[in-house]
Amino acid sequence: MIPVAKPYLPSREKLDSYIDGIYERAWLTNNGQLVQELTRRLEEYLEVENLLLVANGTLALQIAYRALGISGTSYEAEAITTPFTFVATASSLKWEGVEPVFADIDETTWCLDASLIEQAITSRTKAIVPVHVFGNACDIEAIDLIAQRYDLKVVYDSSHAFGVKYQGKSILSYGDAATLSFHATKLFHTGEGGAIIFKRKEDLERAKKMINFGITGPESIEELGINAKMSELHAAIGLSVLDEIDKNIFARNQVAEFYRQQLSNHYQHQVWNGDATQNNAYIPLVLDTEERTVKLVEYFQDMNITVRRYFYPSLSTIQIEHKKNKKTMISDSIASRIVCLPIYSDLSESTLHEIVKHLLEFENKE
Ligand SMILES: *Cc1c(COP(=O)(O)O)cnc(C)c1O
């Protein structure tokens, strides 16, 4: 079966050498040497400051909400977010006692439509949680302006945007915080893992305490905390993957380039923000109808190729998520017609050609 994504497996030799170090030091977690090294190297690679490694991308969001005072207060808070995303963007808010209020997405970029944010603001609104969906930059200037005007925090769920530059700067440097997921299927991964990039050093320092039970010394506890630490073993995987990231990205870019060349006049594609670079984390495309979309998935299934309906369903249509929703017709419509195509660094040329051939054939099929 051809999967839609495949975890990048770094060289065993490299991974083993990091694990040898773990054995020598007999230090498995609690801000060990490899976690510190990965923090430094990611800050350097991504050109950011105030990066905090955590156990996964969902906790990255939760800790960001806590450190910024969006969650953890006694009164009911709301955050404006997009329904066109992975479930964790909204469920992490709900889990933290913050009501996700969905505003619709832009029809072309598929990111939160900034012109709909203001009308969703109430006296309870504390934050905006936009997603750079599939790595495409949100309308950052407009969002920041609204946040300033209404004194709201901005947390960008940047789980898809590893390595993306916006106007020549890391996209992770915008907002009060930006979060990353390092889940195995993501462009850069640590098996399980995640990170938060804070704008302000004091928020980073607060979050550092929070991810370790609020403990600040052998006999002192200063914050309400939780366990959200990354272990040395996960950091070892991350360092090994990071050592080979250029090779991985180069191979993925070749795959993405071929898809783009062959499919530019076929199907509907995400319109990329002209100020942002592309990281080719995903290859999404949209069909005319939901019926055709379901057929396409089955058509490929018969050929042992996974084409995934991602993100489907639109979160505004899920019962657990929402209490009071604006209509999000564009998100509901795009989500019902979207698929993501296979992309990973060792996707063979012959498989790639086969996928494209089938896609073009399908377009002319009844
Ligand atoms: C993957 C992902 C997450 C969750 O990350 P985990 O590391 O799996 O917890 C959150 N938001 C988005 C948009 C994601 O794609």
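**Notebook: the ligand and an aromatic pair**

I first sorted the shell around the ligand by class and found two nonpolar, ten polar and two charged residues, where Ala, Val, Leu, Ile, Met, Phe, Trp, Tyr, Cys and Pro count as nonpolar, Asp, Glu, Lys and Arg as charged, and the others, Gly among them, as polar. I noted that this is a predicted model, in which local features need pLDDT of at least 70 and side-chain atom pairs count only at pLDDT 80 or more, while totals for chains, interfaces and linings use all residues. Residues are numbered from 1 along each chain as its sequence is written, and side-chain values use heavy atoms, with hydrogens and water left out.

Next I looked up which residues come nearest: of the 14 around the ligand, they are T58, D157, H160, S181 and K186, a residue being near if one of its heavy atoms lies within 4 Å. I also saw that α3 (57-67) and α4 (87-95) each supply at least two residues of this shell, helices being DSSP runs of H or I with at least four residues, numbered from the N terminus.

I then checked polar contacts, meaning pairs of N or O atoms within 3.5 Å. Oxygen atoms of the ligand lie 2.7 Å from a polar side-chain atom of S181, 2.8 Å from one of H160, and 3.2 Å from an N or O atom in the side chain of K186. The ligand taken alone exposes 380 Å², of which the protein buries 94%, by the Shrake-Rupley method with a 1.4 Å probe.

Last, I searched the whole structure for aromatic pairs and found 15, counting rings of Phe, Tyr and Trp (its six-membered ring) whose centres lie within 6.5 Å. W110 and F134 form one that is edge-to-face (planes over 60 degrees apart), with 6.2 Å centre to centre and 80° between the planes.

Technical notes: A polar contact is a pair of N or O atoms within 3.5 Å; within protein, one must be able to donate a hydrogen and the other to accept it, and residues adjacent in sequence count only if both atoms are side-chain atoms. Rings of Phe, Tyr and Trp (its six-membered ring) pair if their centres lie within 6.5 Å; planes under 30 degrees apart count as stacked, over 60 as edge-to-face and the rest as tilted.
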